[in-house]
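Reader: I would like to go through this model and ask how each label was earned.

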Amino acid sequence: LEESHAVLDEIEKYQVRMKKIWEVFADEGRTTTAANQLPQVEAKCFSLQNGWDFRQVMMQKRFLRKVRKERPDEILMAPPCKLWSPMQQINIAQHGEWYLKKLTEDRMRDEEDFLKFCRQVYDTQRVEYRHAHIEQPRDPLSWSCRSWQAMKGYDATLDQCSFGRKAYDAQGEPIGPARKPTRIRTTKKSLALGIARKCVCR
């Protein structure tokens, strides 16, 4: 939640009218919730939980039409990243060639379903002089996939513990800071500069 507020603080610095902020893929929509507490901000969340299944081409086209019509100021996207995690190398080592083949097929489908769509939204915002931001962990292979090659913008890397993120046990009790290294590709230079923070935990 603290990270969400940091993003919003950078956005709010340049606020001169009612801002439209859209959050895409987020299950909980924490940024949307935080944004709607700000004055002169109208935030919306678009996820599977409220009917936006972006695996469907029809839904992607519908969303892009909505973007062009309603012209949101900021779009924050956090597509699924599990398939692209470096931890998948452990599964490959454990399960062998059949798992690698399946993972490759799943990644191709994921790139077609989500990563290309994110690139379309990002570029639409950029060429129309609005802003878009893509969030992923710092090191997944999604950053080097073909769909995201030569994506113009600014990168920020941050450790989420620096925004107060905590790890919790099975009973929901906090057990300490959760570093979770994260990377954000953004069209907004001020956001990239403002949100970059490193772990200072002792």
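The questions below take the labels one at a time and set each value against its cut-off.

Reader: What kind of model is this?

Author: The model is predicted.

Reader: What makes E23 a residue without a salt bridge?

Author: E23 is buried and has no salt bridge; R30, the nearest side chain of opposite charge, is 6.5 Å away. A salt bridge needs a side-chain nitrogen of Lys or Arg within 4 Å of a carboxyl oxygen of Asp or Glu, so the label does not apply to E23.

Reader: Where is E23, and what does the side chain of E23 reach?

Author: E23 belongs to strand β1, residues 19-24. Its side chain reaches the backbone nitrogen of T31 at 3.5 Å. Among the residues that E23 touches beyond four places in sequence are G29, R30, K44, F46 and L76.

Reader: Why is the pair E128 and R71 called a salt bridge?

Author: The side chains of E128 and R71 meet at 3.8 Å, N to O. The cut-off is 4 Å, so the pair qualifies. This pair links distant parts of the chain, with E128 in the loop between α5 and β4 and R71 in the loop between α3 (57-70) and β3 (74-77), 57 residues apart.

Reader: Are E128 and R71 buried or exposed, or in between?

Author: E128 has a relative accessible area of 24% and is partly exposed. R71, at 45%, is partly exposed too. The class runs between 20% and 50%, so both values fall inside its limits.

Reader: How do you know that R126 and D123 form a salt bridge?

Author: Their side chains meet at 3.9 Å, N to O, and the limit is 4 Å, so the pair counts. Both residues lie in helix α5, three residues apart, or about one turn of the helix. An α-helix has 3.6 residues a turn, so residues three or four places apart point the same way. R126 counts as partly exposed at 28% relative accessibility.

Reader: What makes D155 and R183 a salt bridge?

Author: The closest N and O atoms of D155 and R183 are 2.6 Å apart. That value is within 4 Å, so the pair is called a salt bridge. D155 lies in strand β5 (residues 154-159) and R183 in strand β8 (residues 181-186), so the pair ties together parts that are 28 residues apart in sequence.

Reader: Why is R183 called buried?

Author: R183 has 18% relative accessibility, and buried means under 20%, so the label holds. Its partner D155 is at 36% and counts as partly exposed.

Reader: How many salt bridges does the structure hold?

Author: The structure holds 16 salt bridges.

Reader: How do you know that α5 has a kink, and where is the kink centred?

Author: The kink in α5 is about 45° and is centred on E111. The bend at a residue is the angle between axes fitted to the seven residues ending there and the seven starting there.

Reader: How does the reach of α5 compare with what is expected?

Author: Helix α5 (residues 97-127) has 31 residues and reaches 42 Å from its first C-alpha to its last, close to the 45 Å expected at 1.5 Å a residue.

Reader: What is found at Y129, just after α5?

Author: Y129 takes a positive phi of about 60°, a positive value in a residue other than glycine. Its place is the loop between α5 and β4 (131-137).

Reader: Why is Y129 called exposed?

Author: Y129 has a relative accessible area of 77%. Exposed means over 50%, so Y129 meets the definition.

Reader: Which value does phi of Q40 take, and where does Q40 lie?

Author: Phi of Q40 is near 60°, again positive in a residue other than glycine. Q40 sits in the loop between α2 (30-35) and β2 (41-46). With a relative accessible area of 45%, Q40 is partly exposed.

Reader: What makes R130 buried?

Author: R130 has a relative accessible area of 8%, and the cut-off is under 20%, so R130 is buried. R130 is found in the loop between α5 and β4. A polar atom of its side chain lies 3.1 Å from the backbone oxygen of P72.

Reader: Why is S47 called buried?

Author: S47 has a relative accessible area of 3%. Buried means under 20%, so the label applies to S47. S47 lies in the loop between β2 and α3, and its C-alpha is separated by 4.6 Å from that of F25, 22 residues apart along the chain. Leaving aside neighbours within four places in sequence, S47 is in contact with F25, A26 and W52.

Conventions: Residues numbered from 1 in each chain as written. Predicted model: local features only at pLDDT ≥ 70, side-chain atom pairs only at ≥ 80, totals over all residues. Heavy atoms only, no water. Helix = DSSP H or I, 4+ residues; strand = E, 2+ residues; numbered from the N terminus. Expected span 1.5 Å × (residues − 1). Buried < 20%, exposed > 50% of the residue type's maximum accessible area, 1.4 Å probe, protein only. Lys, Arg positive; Asp, Glu negative; His and termini not counted. Polar contact = N/O pair within 3.5 Å; in protein donor to acceptor, adjacent residues only side chain to side chain. Contact = heavy atoms within 4.5 Å.
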